[in-house]
Amino acid sequence: MNNNLLLKICESLNSDGLSLSELATEINHIISQHKLSEQLELNGSINKQQLARLYSVLNLVHMDSSVKEHITWSYFKNKYEETNTTYISKELLEEVVETYKDSKYLGLESLIIDALKTDKIQLNQISMLEKSFFSKAFIKEAVAFKHREIVRNGGILDKEQVATLLKYLAYTSLEFAIDQHAVSNDGLLEIRKPSPQENDRRLKENLFNKAQKLYSLSDNRGD
């Protein structure tokens, strides 16, 4: 990154004597002298405190939307990673959702998707998310999350639920259910051996072998 840009930006962000409007004015002056490619590197070159201060005046700063998206994503990613509880707080989740509604930054959706993948979301928060996010990637992870919750709560996935996970290519969640012995025999039979030409053949073969093993155990027990 351009050292001159970084130095000037950091000096401004570290200045406690500037009001928010004064800070925004200084940043606008500095940014106007540098290329977009240099601005895009800014979020990864300043520390967390400087980033938070920059985010606080972002609506007053004249930057390309791609630069603002990088900064916004980094700001919320830091807050997300600093969460030391099992789940993301309601307040942080609502802040991300409201910011996404206003900006439509895909980077914010990626944070939500990551939170779903790592089970940082609570089941009662899913309906709120489903009112704001509609991409295929989000829908897949929301579906997979809800099925993992069924298993975690002691439920057994039936044939239709297994078919749904297969439809969304949610192999990891299906494997989780099999490992927990939480799939019905009819559901296990939905998992078929892939042909040599199929996409994700190795993943499907592993899933099939696990399903067959669990089915054999269940069959031998007369379940």
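This is a chat about a predicted protein model, its overall form and a few of its residues.

Me: Hi! Before we start, what should I know about the model and how the residues are numbered?
Reply: Residues are numbered from 1 along each chain as its sequence is written, and side-chain values use heavy atoms, with hydrogens and water left out. The model is predicted, so local features need pLDDT of at least 70 and side-chain atom pairs count only at pLDDT 80 or more, while totals for chains, interfaces and linings use all residues.

Me: Thanks. How many helices and strands does the protein have?
Reply: There are 13 helices and zero strands. These are DSSP runs numbered from the N terminus, with helices being H or I of at least four residues and strands being E of at least two.

Me: Is it a compact globule or more spread out?
Reply: More spread out: the radius of gyration is 23 Å, well over the 17 Å that the globule rule gives for 223 residues. That radius is taken over C-alpha atoms, and the rule is 2.2 Å times the number of residues to the power 0.38. Along its principal axes the C-alpha trace spans about 75 × 40 × 25 Å.

Me: And what share of the residues is buried?
Reply: Buried residues make up 41% of the 223. Buried means under 20% relative accessible area, exposed means over 50%, and partly exposed is in between (1.4 Å probe, protein chains only).

Me: What about long-range contacts, how much do they account for?
Reply: Of the contacts with a separation of 6 or more, 65% come from residues 24 or more positions apart. A contact here means heavy atoms within 4.5 Å.

Me: Switching to electrostatics: how many salt bridges are there?
Reply: The count comes to 13 salt bridges. The rule asks for a side-chain nitrogen of Lys or Arg within 4 Å of a carboxyl oxygen of Asp or Glu.

Me: Can you walk me through one that involves D119?
Reply: Sure! D119 pairs with R148, and the closest N and O atoms are 2.8 Å apart. This pair links distant parts of the chain, with D119 in the loop between α7 (106-117) and α8 (126-130) and R148 in helix α9 (residues 136-152), 29 residues apart.

Me: Are those two buried or exposed?
Reply: D119 is partly exposed at 24% relative accessibility. R148 is buried, with a relative accessible area of 8%.

Me: What does K210 pair with?
Reply: K210 meets D179 in a salt bridge, 3.0 Å from N to O. K210 lies in helix α13 (residues 201-221) and D179 in helix α11 (residues 171-179), so the pair ties together parts that are 31 residues apart in sequence. K210 is partly exposed at 26%, and D179 is partly exposed at 42%.

Me: Which partner does E205 have?
Reply: E205 forms a salt bridge with R201, with the closest N and O atoms 3.2 Å apart. Both lie in helix α13, four residues apart, about one turn of the helix. Salt bridges that share partners also join D119, R148, E149 and R152 into one network.

Me: Nice. Where does L13 sit, and what does it touch?
Reply: L13 is in helix α1 (residues 3-13) and is buried, with a relative accessible area of 4%. Leaving aside neighbours within four places in sequence, L13 is in contact with L23, I27, I46, Q50, R53 and L54.

Me: How about I156?
Reply: I156 lies in the loop between α9 and α10 (159-167), and counts as partly exposed at 48% relative accessibility. Beyond neighbours within four places in sequence, the contacts of I156 include H181, A182 and V183. The C-alpha atoms of I156 and K77 are separated by 35 Å.

Me: Last thing, what is the phi of L169 and of D200?
Reply: L169 has a positive phi of about 55° although it is not a glycine, and phi of D200 is near 55°. Most residues other than glycine have a negative phi. L169 is in the loop between α10 and α11, while D200 is in the loop between α12 (185-189) and α13.
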